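Please follow the strands and helices of this chain with the sequence and the model side by side. The paragraphs below take up one local arrangement after another.

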Amino acid sequence: MDQADRQFEELLLHLKEARGFDFTGYKRSSLVRRVGRRMAVFQITDYTDYLDYLQVHPDEFTALFNTILINVTSFFRDPEAWESLRRSVLEPMVAAKPTDAPIRFWSAGCASGEEAYTLAMLLGEILGTDGLRDRVKIYATDVDDEQLAEARHATYDRSAIAAVPPELAAKYFEETGGRFQFRQDLRRSVIFGRNDLVQDAPISRIDLLTCRNTLMYFTPETQARILARFHFALGDGGALFLGRAETLRHHSGLFLPADIKHRIFRRTARAAGYPATTVSWQHAVRTGDDSLGVDQMRLAALLAGPVAQIVVSSDGLVVISNQQAERLFGVSFRDVGRPFQDLDVSFRPVELRTYIEKALAERRTVYLKDVRHHATFLEVQVTPLQEREGDPLGVALVFQDVTAARRLRDDLETANRELEAAYEELQSTNEEMETTNEELQSTVEELETTNEELQSTNEELETTNGELQSTNDELQNSNERLRRKTAELDGANAFMDAILSNLQAGILVVDPSLKIRSWNRQAENMWGLRSSEAVGRHLLNLDIGLPVDQLRPVIRQALGGEPEPGELELQAVNRLGRQITVRIACSPMLDEGVPVGAILVMEE
């Protein structure tokens, strides 16, 4: 194991300890690709650095799990397979059950729930919606909590519903706000929950178990453990429905194919022991007349037989042996009458005395297979010989040369192993291709989603641009109106300045705070203060020859709304230093009847 593999194992161990997800049973090549995709997002090239990133950014766990757990599913995926399931499994199953018997299904690896709801629709068509509500329980499980939450909402967009036949979509879905929701009264038949196929206990007494395109992500060892749990979960005669890239060629002891093309399998019964059979050797019926030499022919046939044979009496003496026995073990006619235990063949190549005793005691033939004798393989048959009344006479030892059969069997096993290895490699390649296809489909869906988001963003930008253009047009219109008003105001101001400049009296205008707003040319001539120096200053702060503090009463009277102008005469000093008497009239400046200032007219 190189350093990268060790770092990857540490990463998987952290995922298991920190979040309870055990990915060690997943195919390593697929895991490496999926984790590498997340690392590429952050431009991380080292598994240790990515582990550090996970520890600092817990939110990355969710994104990583969503990437590893490829959630590609749809309604009625592979329609021909679903039609075969309905015809060969669901309809016969419903017909065989009593009318009130419950029906239990398990959708393992359900993702966002499309296959579980597909099952519900098929059963609704077979049982009717009342039967679906009253009798059916569909347990749908997954390890992805986000996908389970989406499945529980049972709400899908129009593109997902497109795979449902229109008549079923109209019958089982209700449109709300542009999305389609599975009927609430039937939704209770589907129960969603979290279940890890590798670690958690299976659901029991299941009639049909669907697990499509999930097993292919696991290693062969993990697949075997999961299938053993599936076998336990299913009831007698239960069916298993897999994805098109998955087969059970090496698990025929658990499942037998019902429709291999569409990956439908039947659960086998639990293995049971097979009763042994008793084989007895019987004497031929004696004719009572040996004039034809029957006994001699029997003896000659035994001696010339193609397999080695030795007959031992019940008291352990050699009765007869043939030519093949002499060739193999050196037992000849000279050994007839000798105790069998004194011969080498009694214990070499195998201890036979124990099996002779067993055959006589149990009165059945005992077989010894694959007995090695030099370069030869033998199959030894120890058969008890009995009289008609059942008393034991002895045993017949038959040594069958099975060397050629053994060699053929070894060659066949070797060929089968090579064939299985080739098939497993092909199956692995097929699963890898299917996995890659799933990943590509997931990527395409992500790109389509991104494209839709970009298109939506572009539409929003175009809408915003249109609104900005409209606002800009309105601002331009407002600016034009303002320009015209400004020009009009400038003209009015110029007109007003011309009037004020040509008046013979000095004019000044103050606001309610007594700040000067207007100061005409005659006022400049009287007091020697230019308009630019006077406008904006407080009237009472002016240092001119006019006693401005005495103007306060009449200004207050004008600002108070007194319609009659207030008048007074004051002694003042003009800009030339000459004493003058100034007559001042102060009247209010009104705006819609409200005083907004005071106008003072000063005449010498």
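In this predicted model, strand E8 (residues 234–242) is joined by 3 bridges to strand E10 (residues 264–267), and the two run antiparallel. Within that pairing, Leu 240 is placed opposite Phe 265 of E10. E10 is also joined to strand E9 (residues 255–259), again in the antiparallel sense, through 4 bridges, and here Leu 256 faces Arg 266 of E10. E9 and E10 make up a hairpin that leaves 4 residues between the strands, and in its turn Arg 263 has a positive phi of about 60°.

From E8 one can pass to Asp 207, a residue of strand E7 (residues 206–211), since the contacts of Asp 207 beyond its sequence neighbourhood of four places include Leu 234, Gly 238 and Ala 239. Is Asp 207 buried or exposed? With a relative accessible area of 15%, Asp 207 falls under the 20% limit and therefore counts as buried. The side chain of this aspartate makes a polar contact, at 3.2 Å, with the side chain of Lys 97. Lys 97 is also among the residues that Asp 207 touches, as are Met 93, Pro 102, Ile 103, Arg 104 and Phe 105.

Another hairpin is built from strands E11 and E12, with 4 residues between them, and in this hairpin Gly 316 adopts a positive phi near 90°. The two strands, of which E12 covers residues 318–321, run antiparallel and are joined by 3 bridges, with Ile 310 standing opposite Ser 321 of E12. E11 (residues 308–313) has a further partner in strand E15 (residues 392–401), with which it pairs in the antiparallel sense over 6 bridges; in that pairing, Val 312 has Val 395 of E15 as its bridge partner. E11 is mostly covered, given that 5 of its 6 residues are buried.

Two helices earlier in the sequence offer a case of helix packing. Helix H2 (residues 28–41) packs with helix H4 (residues 60–68) at an angle of about 140°, and their axes lie 9 Å apart. Because an angle has to be over 145 degrees to count as roughly antiparallel, H2 and H4 are oblique to each other. Their crossing is right-handed. On the H2 side the contact is made by Leu 31, Arg 34, Val 35, Arg 37 and Arg 38, while H4 contributes Glu 60, Ala 63, Leu 64, Thr 67 and Ile 68.

Further along the chain, 5 strands form an open sheet with antiparallel pairing, in the order E17-E16-E20-E19-E18. Which strands stand at the edges of this sheet? They are strand E17 (516–519) and strand E18 (566–573), each of which has a single partner strand, so that one side of each is left without a neighbour in the sheet. On average, and with direction ignored, neighbouring strands of the sheet are turned by 25° against each other. At the E17 edge, strand E16 (residues 506–510) and E17 run antiparallel and are joined by 3 bridges, and Leu 508 stands opposite Trp 519 of E17. Helix H18 (residues 552–559) packs on this sheet, where it touches E16, E18, strand E19 (579–591) and strand E20 (594–603), and the direction of H18 makes about 140° with that of E20.

Definitions and conventions:
Residues numbered from 1 in each chain as written. Predicted model: local features only at pLDDT ≥ 70, side-chain atom pairs only at ≥ 80, totals over all residues. Heavy atoms only, no water. Buried < 20%, exposed > 50% of the residue type's maximum accessible area, 1.4 Å probe, protein only. Pairing = 2+ DSSP bridges. Polar contact = N/O pair within 3.5 Å; in protein donor to acceptor, adjacent residues only side chain to side chain. Contact = heavy atoms within 4.5 Å. Axes fitted to C-alpha atoms, helices over the stretch in contact; angles between N-to-C directions. Parallel < 35°, antiparallel > 145°, perpendicular 65-115°, else oblique. Left-handed = near helix turned anticlockwise from the far one by under 90°.
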